[in-house]
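The following exercises concern strand pairing and helix packing in a single chain. Please work through each task before reading its solution.

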Amino acid sequence: MRQISVAVVVLVVASALCALLPDAAAGFAGDIRVDLTHVDAGKELPKHELIRRAMQRSKARAAALSVVRSGGRYSKSAQAAGVPVRPSGDLEYVVDFAIGTPPQPVSALLDTGSDLVWTQCDTCTACLGQPDPLFSPGMSSSYVPMRCSGQLCGDILHHGCLRPDTCTYRYSYGDGTTTLGYYATELFTFTSSSGEKQTVPLGFGCGTMNVGSLNNASGIVGFGRNPLSLVSQLSIRRFSYCLTPYTSNKKSTLLFGSLADGVYDDDSTGPVQTTALLQSRQNPTFYYVAFTGVTVGARRLRIPASAFALKYDGSGGVIIDSGTALTLFPAAVLAEVVRAFRSQLRLPLATSSGSSPDDGVCFAAPVTAGRLAVPRLVFHFHGADLDLPRRNYVLEDPRKGRLCLLLADSGDSGATIGNFAQQNMRVLYDLERETLSFAPAQC
């Protein structure tokens, strides 16, 4: 009798979870406010080293974004295997939650540039290093392998079936990070900063062969636009984040559900501005914005609007991204911006012998000059202007006599607004109205 009861319970749980996906989350009305932890938090690194490490990660992510947006959607190694390249797994912020019944803690990287939600499982034969215990599906009463006929299984571009009741997947990122495993349904528990818990069913990847880099996290939570992402599965129409500077002792915050609606009433320190979100059929994951130009100092640069336009073939365009530190511009645009700064700063570019490839665009500054006056930098959008605070685009290193801009070459015709530019800014993604809003805040 006991064996029959257990079997019935498992069948009921499996049926309930499968019935809930992917439509269950459409009823999600929770108020979730969770902390985001920077990947280098707690390492007691000096500011210049924190930023240098973030710049290194940005260069890796830029290379992957370039492959995707340039129309050559496969890297040479992945092309032979037919595996699409997503942006790098070398990301910036970690979100904590729990999976299973009873809940098992997981720390995963937040990525607005990919879709799959996945974590390493203790059945892995190739595992990446992480300080927390691996998720154990065998210890959870709510873990249910997804059947091959499941809708989300079909949404995975590279999926397979070992048996009719077991969906397998392969998902690759541009830095070489790859996860293979079983796709399943589970209960995910998110705990708000206030202690309130919200438990929801989600489809996720249980990674059994994982290679690459996770920065000691357990996996990646995709926050993109495609069906596999957390945002899509929960039918979240609005989410927002407020990113603290890397040197801050305060954690960044992520809000989703109805709680994101009133965020500007609480912590904004300036006017709220709104611009349009755009979509690409070729690259549907990304959050493109209606970017129109750049001002340096008092002069708006004569850069044609076509330099920022999203093309029909998926190339070009400007995305906003939480996982890239630097703001990335096409080479021609970056050259115009650097030329404007150079003429107004009246400083020479730093020589290669005095700067590192990871330092971004740097000028040679007099060591005894103190705090230099730096021209303002404004990003223009359709209907909005982002006047960046100095700390969001300038890095000064008096020891080496350098002043660096937190900008870099995107490597293709597209651009990316990185998280340096978004720090101490409340950023709201409204997927119902297809708008992006932002306001200065004390995050």
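**Exercise 1: the three-stranded sheet**

Task: State how E22 and strand E23 (residues 402–405) pair, and over how many bridges.

Solution. E22 and E23 are paired in the antiparallel sense over four bridges; strands here are DSSP runs of E of at least two residues, and helices are runs of H or I of at least four, numbered from the N terminus. Two strands pair if DSSP finds at least two bridges between them. Within this pair, leucine 395 stands opposite cysteine 404 in E23. The open sheet has the order E19-E23-E22. Its edge strands are E19 (361–364) and E22 (394–397), each pairing on one side only.

The model is predicted: local features need pLDDT of at least 70, side-chain atom pairs count only at pLDDT 80 or more, and totals for chains, interfaces and linings use all residues. Residues are numbered from 1 along each chain as its sequence is written, and side-chain values use heavy atoms, with hydrogens and water left out.

**Exercise 2: the four-stranded sheet**

Task: Give the strand order of the open sheet of four strands and identify its edges.

Solution. The order is E16-E15-E20-E21, with antiparallel pairing. Strands E16 (299–300) and E21 (384–388) each have a single partner strand, so one side of each lacks a neighbour in the sheet. E20 (residues 377–381) pairs with E21 over five bridges, and histidine 380 stands opposite aspartate 385 in E21.

**Exercise 3: a loop residue**

Task: Which residues does threonine 269 contact, leaving aside its neighbours within four places in sequence?

Solution. Threonine 269 lies in the loop between strands E12 (252–257) and E13 (273–278). Threonine 269 is in contact (heavy atoms within 4.5 Å) with Pro440, Ala441 and Gln442, those neighbours being left aside.
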